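Subject: Structure handover and notes

Dear colleague,

I am handing over the structure we spoke about, together with my notes on it. Please look at the sequence and the coordinates first, and then read on.

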Amino acid sequence: LSEPGRLAYLSFWSAALARHILSRHSHPSQHAKKPLTVRALSEATWILPDDIIAALKAMGVVEARRKADGRPDEGVVISRARVRAWAAANEVGMAGPVDRKALAGRDGEGEGLEV
């Protein structure tokens with residue numbers, strides 16, 4: 001993959017992850033106390049786990065997890081505030097890149113497709 005190609009994919013993955021993370025947290029009752037894992041992100045977005053990790057690192061939204069006393073803990077967390085800031089700085093809207101209306105044919109074929 002060329003460098004411009006890699007950057008294009010990284011941009012797409014990052015925007016998709018930002019939309020998913022921010023929309024997930026706009027409905028907290030549906031996701032209360034449910035941790036967001038790389039596997040869950042992959043299942044929700046169809047992005048490979050290695051690509052998710054690369055995108056989150058490139059976005060600068062990953063922080064070291066800390067214990068209650070402030071000492072470092074194993075693992076990392078995704079900062080929603082950083083995701084929001086990244087999305088704003090990169091002009092990522094909550095609407096996906098696919099126009100759902102474009103998927104429906106003139107006879108209604110394609111209606112109800114999930115994108």
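What follows is an account of the fold, the helix packing and a few individual residues.

Please keep in mind throughout that this is a predicted model. The chain is built from six helices and two strands, and, read from the N terminus, these elements follow one another as α-α-α-α-β-β-α-α. Of its 115 residues, 23% count as buried, while the accessible surface amounts to about 8500 Å², with 53% of that area belonging to carbon and sulfur atoms. As for the range of the contacts, among those with a separation of 6 or more, 45% are made by residues 24 or more positions apart.

I turn next to the packing of helix α3 (residues 38-45), which I followed against two other helices. The axis of α3 comes within 11 Å of the axis of helix α1 (residues 3-24), and the two cross at roughly 105°, which makes α1 roughly perpendicular to α3. On the side of α1, the residues in this contact are Leu17, His20 and Ile21, and they meet Leu41, Ala44 and Thr45 of α3. Sorted by class, the contact of α1 with α3 comprises four nonpolar and two polar residues, with no charged residues.

The packing of α3 with α4 is also at an angle of about 105°, and here the axes are 9 Å apart. An angle from 65 to 115 degrees counts as roughly perpendicular, and α3 and α4 are therefore roughly perpendicular to each other. In this contact Val38, Leu41, Ser42 and Thr45 of α3 meet Pro49, Ile52, Ile53 and Leu56 of α4, and the residues divide into six nonpolar, two polar and no charged. Leu41 and Thr45 of α3 thus appear in the contact with α1 and also in the contact with α4.

Helix α4 deserves a closer look in its own right. Its buried residues are Asp51, Ile52, Ala55, Leu56 and Met59, and, seen down the axis of α4, they fall within an arc of 130°, so they line one face of the helix. The face turned away from that buried side carries the exposed residues Asp50, Lys57 and Ala58. As to what covers the buried face, the buried residues of α4 pack against α1, α3, β1 (62-66), β2 and α5. Just after α4, Gly60 takes a positive phi of about 70°.

Helix α5 (residues 80-89) can be described along the same lines, with Val83, Trp86 and Ala87 buried. Viewed down the axis of α5, these buried residues lie within an arc of 100°, so they line one face of the helix, whereas Ala88 and Ala89, on the other side of α5, are exposed. The partners of the buried residues of α5 are α1, α4 (49-59) and β2 (72-78).

Two residues other than glycine have backbone angles that I would like to point out. Which loop holds Trp46? Trp46 lies in the loop between α3 and α4, and its phi is positive, at about 65°, although Trp46 is not a glycine. Residues over 50% relative accessible area count as exposed, and Trp46, at 78% relative accessibility, is therefore one of them. Glu91, just after α5, also has a positive phi, near 55°, and is likewise a residue other than glycine. Glu91 is found in the loop between α5 and α6 (100-103) and is exposed as well, with a relative accessible area of 73%.

One last pair links the loop after α3 back to α1. Ala16 lies in helix α1 and is buried, its relative accessible area being 17%, under the 20% limit for that class. Ala16 and Trp46 are 30 residues apart in sequence, and their C-alpha atoms are 9.9 Å apart in space, with Ala16 buried and Trp46 exposed.

With best regards

Technical notes. Residues are numbered from 1 along each chain as its sequence is written. This is a predicted model: local features need pLDDT of at least 70, side-chain atom pairs count only at pLDDT 80 or more; totals for chains, interfaces and linings use all residues. Side-chain values use heavy atoms; hydrogens and water are left out. Helices (H or I, at least four residues) and strands (E, at least two) are DSSP runs, numbered from the N terminus. Buried means under 20% relative accessible area, exposed over 50%, partly exposed in between (1.4 Å probe, protein chains only). Contact means heavy atoms within 4.5 Å. Accessible areas come from the Shrake-Rupley method with a 1.4 Å probe; for residues, only the protein chains shown count as cover. Axes are lines fitted to C-alpha atoms, for helices over the stretch in contact, and angles run from 0 to 180 degrees between N-to-C directions. Angles under 35 degrees count as roughly parallel, over 145 as roughly antiparallel, 65 to 115 as roughly perpendicular and the rest as oblique. Ala, Val, Leu, Ile, Met, Phe, Trp, Tyr, Cys and Pro count as nonpolar, Asp, Glu, Lys and Arg as charged, and the others, Gly among them, as polar. The arc is that of the directions from the helix axis to the C-beta atoms.
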